Amino acid sequence: MKPIQDIYPHLTTPRNVVITTHQKPDADAMGSSLAMYHFLTSLGHSVTVVSPTNWAKWLDWMPGSANVIDYELQRDRGEAALQQAQWVFCLDFNVLVRTKHMANSLRQGAYDRVLIDHHQQPEVALFTWGISDTAKSSTCEMVYDFIVEGGYSDRITPAIADCLYAGVMTDTGSFRFPSASASVHRMVADLKDRGLKHTLVHEHIYDNFLENRLRFIGHILLHRMDVFYEYNTALISIPKKDLLRYEIKTGDTEGLVNYPLSIQGIKLAALVIDRDEERKWSFRSKGDFDVNTFARNYFEGGGHYNASGGRSSDSLDTTVQHFIEALKENALQLQ
């Protein structure tokens with residue numbers, strides 16, 4: 001994988017470009033993809049954004065979201081875009097399995113793949129150009145750096161600023177995580193100077209749900225949260241029947257894993273959801289407990305030091321028991 005800077009001399013030649021991200025894209029994934037879409041389009045490239053799956057409706061406010069192809073629903077259109085592509089930008093993921101049913105097509109394509117990502121252990125051999133920097137707060141911060149360091153600051157429109165801010169705000173936990181470095185705040189100041197309306201972006205992200213979600217959260221915190229004080233850990237486990245009862249849609253569980261971290265003394269928060277084909281895990285931690293390693297060791301996952309995800313093919317009850325056994329094995333690190 002050649003350094004990302006090596007692509008700059010080629011940016012002035014228009015190409016057919018596809019931008020893609022991980023399945024069930026969050027604000028950072030969608031924000032970085034759409035910001036890159038607007039930027040490359042401004043340089044004369046023909047750009048298509050293809051998401052591996054659907055996304056949360058509360059991301060539909062993002063400029064350009066109406067043009068994004070949902071690969072699961074529109075596979076023919078997605079495949080046609082990939083077949084015509086000369087470049088494919090891979091944003092906010094670094095292993096092809098994160099793109100679900102798109103993975104085989106992405107692996108077999110003859111185009112150049114470009115990586116911009118901040119997760120650990122990338123499949124670097126797959127990419128022509130790229131950057132992988134786990135110290136970065138978000139992929140949106142990295143897309144901002146890509147634009148600015150290429151000498152294209154003047155291309156940052158209010159639409160690009162809004163998309164970038166959404167990703168960096170959510171991935172830093174509204175700027176409270178350690179990854180919210182001084183450079184992140186300088187970036188936000190620059191975006192403000194370029195027309196960012198940060199209050200509106202915050203409202204779009206956090207004040208844009210239906211009543212059922214709030215009632216769902218109340219039910220989950222009251223009935224589905226267990227606290228293991230001996231391990232400084234809290235677990236939320238959500239059965240499929242709760243998702244059906246409250247008509248929970250994609251994105252409605254976003255951020256739920258962070259709630260237990262507000263409990264005094266809790267070092268590890270975990271969320272497991274009983275999905276159709278598998279059980280999906282989310283992990284968050286404070287301090288020196290590495291949930292990236294935890295997820296990789298026990299739940300076929302990974303991510304960041306203090307934020308990661310995983311999966312299990314076991315039943316909900318069985319995977320919860322597996323989690324409890326994992327807590328016992330990590331008891332010393334959780335003290």
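User: Which residue is the bridge partner of Ser51 in β4?
Analyst: This is a predicted model. β3 and β4 run parallel and share two bridges. In one bridge Ser51 faces a residue of β4, and that partner is Asp70.

User: What is the strand order of the open sheet of seven strands?
Analyst: The pairing in this sheet is parallel. β1 (2–3) and β4 (69–70) stand at the edges, each with a single partner strand, so one side of each lacks a neighbour in the sheet. Read across, the order is β1-β7-β6-β5-β2-β3-β4.

User: Which residue in β7 stands opposite Pro3?
Analyst: β1 pairs with strand β7 (residues 129–132) in the parallel sense. Two bridges hold this pairing. Opposite Pro3, in β7, stands Gly130.

User: How many bridges pair β2 with β3?
Analyst: Strand β2 covers residues 16–20 and strand β3 covers residues 46–51. Val17 stands opposite Val47 in β3. The two strands are parallel, and the number of bridges is five.

User: Is the β-α-β crossover from β2 to β3 right-handed or left-handed?
Analyst: The chain leaves β2, passes through α1 and enters β3. The handedness of this crossover is right-handed.

User: How many of the residues of α1 are buried?
Analyst: Helix α1 spans residues 27–42 and has 16 residues. From its first C-alpha to its last it reaches 22 Å, close to the 22 Å expected at 1.5 Å a residue. The helix is mostly covered, and the buried count is 14 of 16.

User: Which residue with a positive phi follows α1?
Analyst: Helix α1 takes in residues 27–42. The residue in question follows the helix and has a phi near 100°. That residue is Gly44.

User: Are α1 and α5 roughly parallel or antiparallel?
Analyst: Their axes come within 8 Å and cross at roughly 155°. α1 passes α5 in a left-handed crossing. Angles over 145 degrees count as roughly antiparallel. The two helices are therefore roughly antiparallel.

User: How far apart are the axes of α5 and α6?
Analyst: Helix α5 (residues 158–171) packs on helix α6 (residues 182–193) at about 155°. The two are therefore roughly antiparallel. Their crossing is left-handed. The distance between the axes is 10 Å.

User: Which residue in the loop between α5 and α6 has a positive phi although it is not a glycine?
Analyst: Most residues other than glycine have a negative phi. Here the phi is about 75°. The residue is partly exposed, at 22% relative accessibility. It is Phe175.

User: Where does Lys24 lie?
Analyst: Lys24 has a positive phi of about 50°, although it is not a glycine. Its relative accessible area is 40%, so Lys24 is partly exposed. Its place is in the loop between β2 and α1.

User: How far apart in space are Lys100 and Tyr8, C-alpha to C-alpha?
Analyst: Lys100 lies in the loop between β5 (87–91) and α3 (103–108). With a relative accessible area of 27%, Lys100 is partly exposed. In sequence, Lys100 and Tyr8 are 92 residues apart. In space, C-alpha to C-alpha, the distance is 30 Å.

User: Which are the edge strands of the open sheet of six strands?
Analyst: The order is β8-β9-β10-β11-β13-β12, with mixed pairing. An edge strand here pairs on one side only. The edge strands are β8 (225–228) and β12 (302–303).

User: Which residue in the turn of the β8 and β9 hairpin has a positive phi?
Analyst: β8 and β9 pair in the antiparallel sense over four bridges. Within that pairing, Met225 has Ile236 in β9 as its bridge partner. Four residues lie between the strands. The turn residue, with a phi of about 50°, is Asn232.

User: Which residue in β10 is the bridge partner of Ser237?
Analyst: Six bridges join strand β9 (residues 233–238) to strand β10 (residues 268–274), and the two run parallel. Thr233 stands opposite Leu268 in β10. For Ser237 the partner is Val272.

User: Are the two faces of β9 buried or exposed?
Analyst: In a regular strand the side chains alternate between the two faces of the sheet. On one side of β9 are Thr233, Leu235 and Ser237. On the other are Ala234, Ile236 and Ile238. Six of the six residues of β9 are covered, and both faces are buried.

Definitions and conventions:
Residues are numbered from 1 along each chain as its sequence is written. This is a predicted model: local features need pLDDT of at least 70, side-chain atom pairs count only at pLDDT 80 or more; totals for chains, interfaces and linings use all residues. Side-chain values use heavy atoms; hydrogens and water are left out. The expected span of a helix is 1.5 Å times one less than its number of residues. Buried means under 20% relative accessible area, exposed over 50%, partly exposed in between (1.4 Å probe, protein chains only). Two strands pair if DSSP finds at least two bridges between them. A crossover is right-handed if, with the strands pointing away from the viewer, the path from the first strand over the helix to the second runs clockwise. Axes are lines fitted to C-alpha atoms, for helices over the stretch in contact, and angles run from 0 to 180 degrees between N-to-C directions. Angles under 35 degrees count as roughly parallel, over 145 as roughly antiparallel, 65 to 115 as roughly perpendicular and the rest as oblique. A crossing is left-handed if the near helix is turned anticlockwise from the far one by less than a right angle, and right-handed if clockwise.
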